[in-house]
Structures are given as C-alpha cells and as structure tokens.
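Trainee: Please show me the model, and then let us go through it by question and answer.

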Amino acid sequence: MYPVVGCDRLAPLVVRLVVEAPRIAAKRQPGQFVIVHLHEGAERIPLTIAEADPSAGTITLVVQSVGKSTADLCAVSAGDVIRDVAGPLGRPTDLLERGHAVCVAGGVGSAVVAPIAAALSARGVRVTSVVGARTQAQLLLVDQLTSIGDVVVCTDDASAGRAGLVSDALGDICRDGGVDAVYAVGPVAMMQACAEVTRPLRIPTTVSLNSIMVDGTGMCGGCRVSVGGRTAYACVDGPEFDGHQVDFALLADRLTTYHDFERTAADRGRGVCTDLGATS
Amino acid sequence: MTSAPGSDGPSSPDSNGSVSNKSVSNKSVSNKERMAIPRQTMPTRDADARSHTFDEVNVGLGHDEAVLEATRCLQCTRAWCVDACPVHVDIRLFLDRLADDDLAGAARSLLSDNALPCVTGRVCPQEIQCEGACPRGKRGGPVAIGHLERYVADWAAQHADQVEAGPRVTPSGRRVAIVGSGPGGLTAAGELARRGHAVTIFEAFHTAGGVLGYGIPPFRLPRDVTAREVARLERLGVFVETNAVVGRTYDLDELRGEFDAVFVAVGAGLPVFLDIPGENLKGVYSANEYLTRVNLMGAFRPEADTPVLRGHRVAVVGGGNVAVDAVRTARRLGADEAVVVYRRTRQELPARAEEVDHAQEEGVRFEFLAAPVEVLGDDAGWVTGLRCLRTELGEPDDSGRRRPLPLAGSEFDLPCDVVVVSVGTRANPLLTQSAPDLDLDDRGFIAVDDDGRTSLSGVFAGGDIVRGSATVILAMGDGKRAAAAIHAFLCELDATRG
C-alpha cells in the first residue's frame with residue numbers, strides 16, 4: 001500500500017498527488033515513470049514521476065482526468081492509499097551536457113518537462129521553456145519552470161502569453177540560433193509539430209511517448225512504437241525517443257484502440273477508459 | 001453440469017465420503033483385479049456451457065473414483081513414472097497411500113516432493129512425463145496420475161491442519177532473494193524455507209504467481225489455487241514483495257549485498273512478433289498482452305476497468321500451450337470463430353493433448369499447415385484479416401520436428417478482427433542489463449551449470465530466463481535443483497566462516 005500524503009488541484013481536470021514510495025523516490029531519475037494500480041480491479045496506468053524527494057521518501061505524480069481510471073485517481077485525497085506503485089520504470093532522460101536546451105510542454109506534459117528542465121539546469125545547461133495550453137486555467141507548473149529559466153507561455157485562446165501553438169514559439173526561438181537540444185512533451189500532434197520544426201534545423205529533439213501499457217517491463221508489447229522504422233517498446237526502450245525518428249501517425253492511431261470502450265461505458269452510465277498517458 | 005461421473009460433488013474431495021472399495025484392503029487386491037479396473041474419467045463442465053465462462057473446465061475426481069484410480073497402480077518395482085517426472089515426485093508412494101485411503105499420508109508425501117501440486121496436477125503435460133512412462137498405458141490407459149495429484153493436493157489444501165503440522169524448522173540465519181514469483185521461484189522458495197532460510201520473493205507485478213497468474217487462464221487454473229499455494233508458502237515464512245522490478249527498483253548487486261544468495265527466475269518475458277507487415281494494426285496482440293489483460297487484470301469481468309478487444313473472429317498464431325490458452329480465451333470472450341493458425345500439423349502441436357481436445361470440444365478450429373505472411377487492415381487501422389501461405393512439411397529441423405515449407409502461390413486470406421501472436425518469447429533484458437558481469441548465452445538467456453549456478457558467486461537462475469520458453473514443471477524442476485545448490489552454497493558459507 002502506498003499512502004497519498006498530499007493532493008492538490010493544478011487545473012480543472014488536473015491533480016497533483018504526493019505519494020509515499022521511498023524505494024522509488026531513492027532511485028528515480030528524470031524521464032522515468034511508475035505504473036499505478038489504484039485498487040484491485042483497477043487498470044494499471046503509467047504516470048511519469050514529476051518530482052521525487054528521497055529524504056521524505058515521496059514521489060509526485062500529476063494526473064489529468066481523461067477517462068475512468070484517471071478520474072478515479074484524480075478523486076483520491078490525502079490519507080487515501082494506492083494499492084500498487086511499481087517503478088521507477090523506463091530509461092532516464094538523456095540529458096544535454098552543456099549549452100542551451102529548450103523544453104516544450106503541452107498540457108500535462110509540463111509535469112514531465114519540469115524535472116528534465118530542473119536536471120538540465122542543475123548541471124549548468126541554460127533552459128528556456130515553452131509552456132502551452134488551450135487556455136490560461138490549464139497552464140501547468142509555469143512558476144516552477146520560471147524559477148529555472150526563461151518561459152514563453154502560449155494559449156490557444158490568447159488568455160495568457162502569446163496566442164497560438166508551442167511549436168510556433170519553438171520555431172521562433174530556434175531560428176534565433178544557439179539551441180543545442182529540444183525536449184518536447186505533450187499531445188502527439190504537438191510533439192510531432194515540434195519535431196518538424198527542429199528537423200530542418202538539425203536540432204536533436206527528444207519526445208516522450210505515451211503509448212498504452214500494461215506491465216511496464218517489456219512483457220506485453222502493447223506499447224510498441226515505430227522509431228526509425230524499427231519496433232521499440234516505450235516502456236523499456238523509452239519512453240523518450242528521438243523525435244525525428246518516431247512514427248507519430250502510428251502512435252496516434254494505436255492510442256485510439258480503446259476509444260470505443262470509453263464510449264460504450266459512457267453509454268452504460270459509467271466511464272471506462274484505458275489510460276492515454278504514460279506522460280500525461 | 002457435468003458430463004462424466006463425479007460421485008461426491010465437484011472439486012470438493014471429502015475423506016469422509018462413502019468408500020465403495022474400503023471393505024477390500026488395497027494390499028489384498030491382486031494385479032489381475034487392478035488390471036480390470038478401467039481408467040476413471042475426469043468429469044468436465046459441458047463444452048457448450050463452459051465456452052462462455054472462465055470457470056474451471058475439469059471438475060475434479062470424486063473420492064471413490066480417486067481411490068479406485070490409485071488402486072490401478074501396479075506399484076512397479078522400478079518406478080518409471082518417478083524417473084519421468086522433472087521434480088521426481090514419489091508418485092508410487094503417494095498413489096499407494098491414496099489407494100489405502102490414507103489421504104493425509106498421501107498429501108504429506110506429495111507435498112514433500114512438490115511445492116505446487118495443485119498447480120502441476122492441473123497444468124503438467126502428464127502424457128509425455130509420468131503417465132507417458134506408466135506401463136499401464138499399454139493396456140487400458142496409464143494411471144491418471146495428474147488427476148490424482150490434483151485430487152490429493154486439493155484435499156491437502158482443505159485439510160492444512162492435518163498435513164502441514166511438522167517439526168518447526170530452525171532458522172539458519174541465512175537470507176535468500178528470489179526474483180520472480182512464478183513456478184520456479186515459488187518452488188525454490190518452498191524448498192529453501194523448509195530448510196530454515198529466510199526467503200524474500202521480489203515480484204514485478206502487483207500479485208504473486210507469475211505466469212500462473214497472468215498467463216494460464218482461470219478455466220485451467222483457478223486464481224484461488226495459485227493464491228492458496230502462495231499463502232501456504234507465506235505460512236512457511238516466505239515474504240513476497242510485490243511491485244519490485246529487479247533491474248529498476250533494485251539491481252542485482254543490491255540484492256547480492258543484502259542477501260546471502262539470489263535465485264533469478266524472472267521468466268522469458270519479451271514477446272516475439274512475426275515481423276510481418278501489418279503487425280502494428282489495432283487488434284494485433286502478443287499472447288502475453290492478451291492473456292495478461294484477461295487473466296491478471298480480469299478484463300473478462302464486466303466490472304473490470306481494463307479493456308480487451310473482444311473480436312468476433314479471432315486468429316491465434318502458434319501451436320503451444322499459450323496459443324491454445326489464448327484461443328480458448330477468445331471463445332469465452334464471445335468470438336464466434338476462434339482459430340489456431342499453425343505451420344505444422346496436429347501431430348507436431350506442442351500444446352498439452354487434453355487442452356487441444358478441450359479446445360476442439362469448445363468449437364475452436366485449427367488451421368494447420370498455414371504460415372501468416374501479412375496482417376490485413378482497413379483504412380482506419382483495424383485488423384481485417386490474416387494472409388497466409390500453405391505449408392508442407394519437409395525434413396526435420398534442429399528441434400526434431402519436420403520443417404514447414406511455404407508453398408509458392410498458395411496464398412489465402414483468413415478474415416478476422418483480432419490477431420493474437422503466440423510464437424514464443426525472448427529473454428527480457430531488464431534484469432540482465434543491470435548486471436553486466438552476469439554471463440548470458442548468445443540469445444540473452446542466463447548461462448548456468450546443471451545446478452543453476454550462474455557466473456556470479458551466490459547467484460543462481462532457472463526457468464524460462466535460462467531455457468527460453470518451457471513449461472511450468474521444468475521451471476519447478478529448476479527451482480528445486482537450484483534450491484538444493486543454494487542450500488549447499490549456504491552451508492559452505494557457514495563452514496568457511498566458522
């Protein structure tokens with residue numbers, strides 16, 4: 001059992017949970033995730049570890065409610081327990097050694113990007129963040145990223161920062177020159193757009209893939225993605241890959257596998273959903 | 001419900017039941033009389049009814065049938081059956097006690113040789129092991145050793161107080177880590193705990209059992225059977241730590257530092273795909289994923305949160321036990337057509353004979369001599385069929401089975417909406433990558449000697465991470481042998497450290 005020791009709402013459908021998991025907190029590196037299994041009968045869902053405090057023995061998870069499993073998790077309060085938390089899983093982020101990195105976050109992608117930005121900054125890399133959301137209320141962790149470096153905020157409806165897509169903002173920054181690496185995490189279309197911005201500029205671009213998983217240890221193959229024309233498993237070979245090599249169309253398509261289950265379940269008056277986010 | 005005789009109720013053996021042959025002492029039965037007893041039939045649930053549920057197919061022998069069946073044993077001077085058993089259960093002895101209606105004695109004997117008899121009595125391929133070696137097979141069929149093992153083991157589980165009470169073991173003061181709670185790990189845990197060692201099992205999933213939980217479906221091995229075997233080990237003092245992924249949560253060196261010995265029994269793990277076009281279409285599963293969703297995550301239950309695609313027409317590629325488990329699962333999930341696509345013929349099917357029979361009774365179709373070359377899909381990315389080539393059998397290959405040769409121009413399409421790929425597994429590198437000094441073979445499996453010793457002192461390995469895809473009982477044999485070697489290693493440590 002893994003006690004939830006803290007819980008707060010970051011945005012209308014986004015909750016931050018602080019969970020006691022000392023072993024994971026001690027081992028975890030940026031980019032890694034856990035599989036969370038709320039109770040017997042629940043789904044196993046992958047969630048990136050947003051933060052870890054080894055001395056307190058806690059990890060922080062940011063959960064966006066997109067279906068039944070994530071909604072159940074968002075309904076947890078401090079004092080509740082999570083039945084199972086396994087990890088840290090996946091490979092740690094391949095961090096730039098020195099220079100200038102741009103970290104791009106769409107929606108709950110901020111929770112994945114924030115620890116990467118912090119780790120980069122800690123080793124002396126200059127970090128610029130681009131944080132986007134549909135509207136101001138959905139912007140996440142802007143303060144945290146502002147404490148690390150420059151931040152460009154983008155919203156679709158111009159309610160905060162500049163209007164438009166994070167990929168456009170990324171393009172402006174990259175065209176100014178001096179960008180050594182890009183880390184882009186968010187919805188599939190956003191990561192693809194960012195990769196297309198950096199491809200002609202030949203800027204190494206890391207994306208974090210949120211494919212469907214069960215075990216998180218390489219056993220089921222459900223999370224398979226195509227990278228550079230070869231099949232890779234997001235859970236053990238990733239979740240982070242070279243954005244210029246990823247077949248985003250395949251990823252987006254495979255993510256729709258269980259959409260009918262959600263609709264059918266909604267018709268029955270109860271939501272059923274597979275998680276749509278290793279990284280969300 | 002049952003289609004064959006079962007006198008005293010399904011799967012509830014009862015030592016107090018009326019005993020028809022009790023008036024005749026087992027010892028006074030002549031061989032001629034034994035030879036005249038027909039092999040008792042395992043009662044099964046009706047094929048139509050059961051192909052819609054996940055309830056166990058085999059109902060279990062009744063008490064009288066079990067004792068009578070045990071009386072068929074000729075008590076051969078040379079116990080061929082024991083020689084043929086990978087864990088060398090003293091079959092002759094437990095059958096003799098069962099024939100004497102000494103259930104507690106039979107159970108104690110069985111449990112002293114086999115840590116998981118409720119499991120092996122259900123899933124072992126007896127026809128190529130103990131029963132295959134039984135001389136009675138030549139006339140009237142071999143003694144139904146598997147069914148009797150199950151009977152005695154189930155009785156033991158319900159009468160733990162009469163079976164488990166034994167002398168308290170003295171703690172050895174030694175600690176052993178076991179990585180993986182599948183059949184190999186559980187067997188080793190039982191053997192080591194009985195010798196007084198403190199055992200901790202590290203399991204990556206949230207429930208102990210490994211392949212017994214995620215792989216073998218409940219209609220063959222009910223979940224509570226595995227759970228009670230684990231519970232019995234816990235009563236012996238074994239501690240199971242779930243959600244512990246060795247290679248990530250811990251690495252091997254940490255375990256070596258904290259424990260006196262380590263047994264690695266993590267299974268093979270990585271699914272093999274066919275490497276044909278269309279394999280990433282929606283509706284293509286590895287058998288691991290398909291079965292895990294259904295068995296471990298309970299996707300067959302309406303109230304479970306984990307979804308699984310319930311195809312109308314499901315094609316399962318492969319011919320092993322896992323393939324047959326998957327196709328029978330597909331039937332139970334509502335597939336009108338559930339087909340096994342296999343490159344060879346029925347003779348070469350590696351699956352357990354009883355399961356193949358049961359599958360056919362349940363309406364599963366076998367498409368023999370067919371090799372998939374492409375998964376077909378529609379514009380929306382969903383599976384619509386499996387394109388195959390006909391094969392013919394050529395000369396035997398390295399495995400001794402005749403090699404399937406595709407016939408040019410023999411293409412045909414099998415319409416289906418779900419494809420399950422069940423053609424074996426590869427070594428999962430998660431643990432071994434974290435232990436660069438551990439010697440592997442050229443396929444990434446852990447290299448061991450006959451007793452399961454790896455290249456690292458105090459580290460032993462067994463089961464599928466050594467053998468590739470094998471069976472529950474072979475993994476258990478490895479667990480038993482490795483436990484003996486670990487015990488010897490620990491005794492040596494004691495000797496050298498005074």
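The turns below cover numbering, overall form, the sheet, the domains and the chain contact.

Trainee: What kind of model is this?

Mentor: Residues are numbered from 1 along each chain as its sequence is written, and chains are lettered from A and ligands numbered from 1 in the order in which they are written. Local features need pLDDT of at least 70, side-chain atom pairs count only at pLDDT 80 or more, and totals for chains, interfaces and linings use all residues, since this is a predicted model.

Trainee: What radius of gyration does chain A have?

Mentor: The radius is taken over C-alpha atoms, and the globule rule is 2.2 Å times the number of residues to the power 0.38. For 280 residues a compact globule would come near 19 Å, and chain A agrees with this at 18 Å.

Trainee: Which strands stand at the edges of the seven-stranded sheet?

Mentor: Strands are DSSP runs of E with at least two residues, helices are runs of H or I with at least four, and both are numbered from the N terminus. Two strands pair if DSSP finds at least two bridges between them. The open sheet of chain A has mixed pairing and the order S11-S10-S9-S8-S12-S13-S16. Each edge strand has a single partner, so one side is left without a neighbour in the sheet; these are S11 (162-163) and S16 (240-242) of chain A.

Trainee: In which sense do S12 and S13 of chain A pair?

Mentor: A:Val182 stands opposite A:Thr205 in S13(A). Strand S12 (residues 181-185) and strand S13 (residues 205-208) of chain A are joined over three bridges, and the sense is parallel.

Trainee: Which strand gives the largest share of the side of domain 1 of chain A that touches domain 2 of chain A?

Mentor: An automatic or database domain assignment sets the bounds, with domain 1 at 2-89 and domain 2 at 93-203 of chain A. Residues are in contact if their C-beta atoms, placed from the backbone, lie within 7 Å, and the contact takes eleven residues from domain 1 and twelve residues from domain 2 of chain A. Strands S1 (2-11), S4 (44-53) and S5 (58-64) of chain A give two or more residues each to the domain 1 side. The largest share, three residues, comes from S4(A).

Trainee: Which element of chain A supplies the largest share of the side that touches chain B?

Mentor: In this contact, 35 residues of chain A meet 28 residues of chain B. Elements that each supply at least two residues include helix H1 (22-27), helix H2 (68-74) and strand S7 (84-89) of chain A. The largest share, six residues, comes from S7(A).

Note on methods
Two residues are in contact if their C-beta atoms, placed from the backbone, lie within 7 Å.
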